[in-house]
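User: I work mostly at the bench and would like to learn how to read a structural model with some care. Could we go through it feature by feature, with the general idea before the particular case?

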Amino acid sequence: MKCLETVVSFVLLALCLHVVSGEVVNFQKCPGEEKCTIHEVSITPCPEAAEGTACTVYRGANVSITFDFTPKFAADELAADVSWARTNFDLPFVGMDTEACKHTNCPVVSDNRQTYTYNLPIKKEYPPKVIVAVNMKYFQTVISVVLLAVCLHTVAAEVVIPKKCPFEPKCKIHEVTITPCPEAAEGRPCTVYRGRKVNVTLDFTPEFAATELTALVAWQKDAYFIPLGVDSNACGYTECPLVAGNRTTYSSILPIKKTLPLQRYDVFWQLSNGNEENCCFMVQLRVKAKNKPTEVSVKMKYFQKVIFAMLLALHLHVVSTKVVNFTRCPFADFTAKCKIHEISIAPCLEAEEGRPCTIYSGRKANVTLDFTPEFAANELTALVGWEQGSAFAPLNVDSNACGYTQCPVISGNRQTYTYRLPMKKELPLQHYNIFWQLSNEKEESCCFVIQLRVKAKPNQTED
């Protein structure tokens, strides 16, 4: 019965329609001299930005990236590129539209504020934990994009009804939104979880001016206000100096500490200048504990691993297995922190005299790595691809390497990793240098390069 309930849960999860939202994200500036002022970077969809975590997007979908910036240069034409930022080099994304003028105003006028919006396709072949660098002539931002195959929860940004402060604010409040807060649609207080973060955005018109703006966020307990640990420098989250009568927005992250009691809170939020003039509102939040994994979900994961191991064992027979030559990865950030004992491929056709294995187009080959890692890992990530001109073309390989080897990985313990590599029919019929990397959370890795030749099946023609 428990197994049936689990299956039903997976079906309901697949049918769930989730709400997406565009969120302002953190970004890193380029080294060296700036040639523009970046006011804001937003990504749609990205509800995770409210918690300060990496944006979650889907393989095969698009993500919209918007820059709000003021250039310090003029240009009749503007070129853009998107690349995957590695430690010592950038790997360009294939298919990026480099004509930036299609996505912003041209000619570019120095000191004129403008926006650039681009729909970035997240291809199914992209590996996880990708760092995307978007470069437009003189500025660059770095964002983290984590690719997931399945949506595990629904997140929504909702407009909430604020309560009045104990004293009269000197501002007009147009709107207050909290992310996530699906409860607001039913007029209930937002439910937040201990150890998480929420994003609170205030859309307001101040009736006072301010060169510096101070934020005070606290919860009211009887006649006392207990601070909640929000950054007091409000100018880091809105535009300063503040001009009286000019509509603006303030967006900040509220951490829900693990020590907060599980109860309902009246949260007091105030933005003030040095003359005791302020904009103030109050919202209600309900703090709950995070849900723990159920016994059923833990058993289901174990059952899935056992089934996979059985299927893999059944498949690894009556095939032509060949120990193949390999080389170390050529790039500095691919440095192998492991001892590779041998690499074998099955089937491996026409591999006499040290020639590369031939794999038929549309077929699969088992690649097995026998190695001793020189690092430890609770989670292990796989990245596989081939060099395509000056770009790196990822292959559609399961990034969760723990599904194909023993985890946690223990430094100095010899183990094997076996993966069934699909050679898609779309791949050109040619020789390939295949890069293969297994890495931990600290980017310590075991990496190697093998050669494969993709050939048409006997009933196909090599055009």
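Analyst: Let us begin with a single cysteine, keeping in mind that this is a predicted model. Cys 407 has a relative accessible area of 27%, and it is therefore classed as partly exposed.

User: Is its disulfide partner, Cys 402, buried or partly exposed?

Analyst: The cut-off matters here, because a residue counts as buried under 20% relative accessible area and as exposed over 50%, with partly exposed in between. Cys 402 stands at 15% relative accessibility and so counts as buried, whereas Cys 407, at 27%, is partly exposed. The two are joined by a disulfide with an S to S distance of 2.0 Å.

User: What is a disulfide in general, and how many does the count come to here?

Analyst: In general terms, a disulfide is a covalent bond between the sulfur atoms of two cysteines. In this model the count comes to eight disulfides. One of them joins Cys 181 to Cys 190, with 2.0 Å from S to S, and another is formed by Cys 165 and Cys 280, whose sulfur atoms are 1.7 Å apart.

User: Which parts of the chain does the pair of Cys 165 and Cys 280 tie together?

Analyst: Cys 165 lies in the loop between β10 and β11, while Cys 280 belongs to strand β18 (residues 278–288), so this disulfide ties together parts that are 115 residues apart in sequence. Both ends are buried: Cys 165 has a relative accessible area of 11%, and Cys 280 has one of 3%.

User: What is the handedness of these disulfides, and which value is it read from?

Analyst: The handedness is read from the torsion about the S-S bond. For Cys 165 and Cys 280 this torsion is about -95 degrees, so the disulfide is left-handed. For Cys 181 and Cys 190 the torsion is about -90 degrees, which makes that disulfide left-handed too, and for Cys 402 and Cys 407 a torsion of about -80 degrees gives a left-handed disulfide as well. As for burial, Cys 181 has a relative accessible area of 0% and Cys 190 one of 2%, so both are buried.

User: You mentioned β10 and β11; how do these two strands pair?

Analyst: When reading a sheet, it helps to take the pairing of two strands and then the order of the whole set. β10 and strand β11 (residues 171–179) pair in the antiparallel sense over three bridges, and Val 160 stands opposite Val 176 in β11. The wider arrangement is an open sheet of four strands in the order β10-β11-β13-β16, with antiparallel pairing. Its edge strands are β10 (158–160) and β16, each of which pairs on one side only. Direction ignored, neighbouring strands of this sheet are turned by 30 degrees against each other on average.

User: How should I read a residue in a loop, and where is Ala 244?

Analyst: For a loop residue, one may ask which elements flank it, how exposed it is and what it touches. Ala 244 is placed in the loop between β15 (224–227) and β16 (248–255), and its relative accessibility of 41% makes it partly exposed. Once neighbours within four places in sequence are left aside, Ala 244 is in contact with Pro 206, Glu 207, Phe 208 and Ala 209. The C-alpha atoms of Ala 244 and Cys 171 are separated by 8.9 Å, although these residues are 73 residues apart along the chain.

User: Which residues have the most contacts inside the largest nonpolar core?

Analyst: A core is best read by its members and by the elements that supply them. The largest nonpolar core has 39 residues, and those with the most contacts inside it include Ile 345, Tyr 417 and Trp 436. Among the elements giving two or more residues to this core are β20 (338–346), β22 (364–373) and β26 (431–439), while the largest share, five residues, comes from β27. A second, separate core of 35 residues includes Ala 184, Leu 202, Leu 228 and Leu 254.

User: What does the chain come to as a whole, in helices and strands?

Analyst: The secondary structure of the protein chain comes to two helices and 27 strands. Of its 463 residues, 41% are buried, and the chain exposes about 25,400 Å², of which carbon and sulfur atoms supply 52%.

Definitions and conventions. Residues numbered from 1 in each chain as written. Predicted model: local features only at pLDDT ≥ 70, side-chain atom pairs only at ≥ 80, totals over all residues. Heavy atoms only, no water. Buried < 20%, exposed > 50% of the residue type's maximum accessible area, 1.4 Å probe, protein only. Contact = heavy atoms within 4.5 Å. Pairing = 2+ DSSP bridges. Axes fitted to C-alpha atoms, helices over the stretch in contact; angles between N-to-C directions. Areas by Shrake-Rupley, 256 points an atom, 1.4 Å probe, with all protein chains shown as cover. Core = buried A, V, L, I, M, F, W, Y, C linked by side-chain atoms within 4.5 Å. Disulfide = S-S within 2.5 Å.
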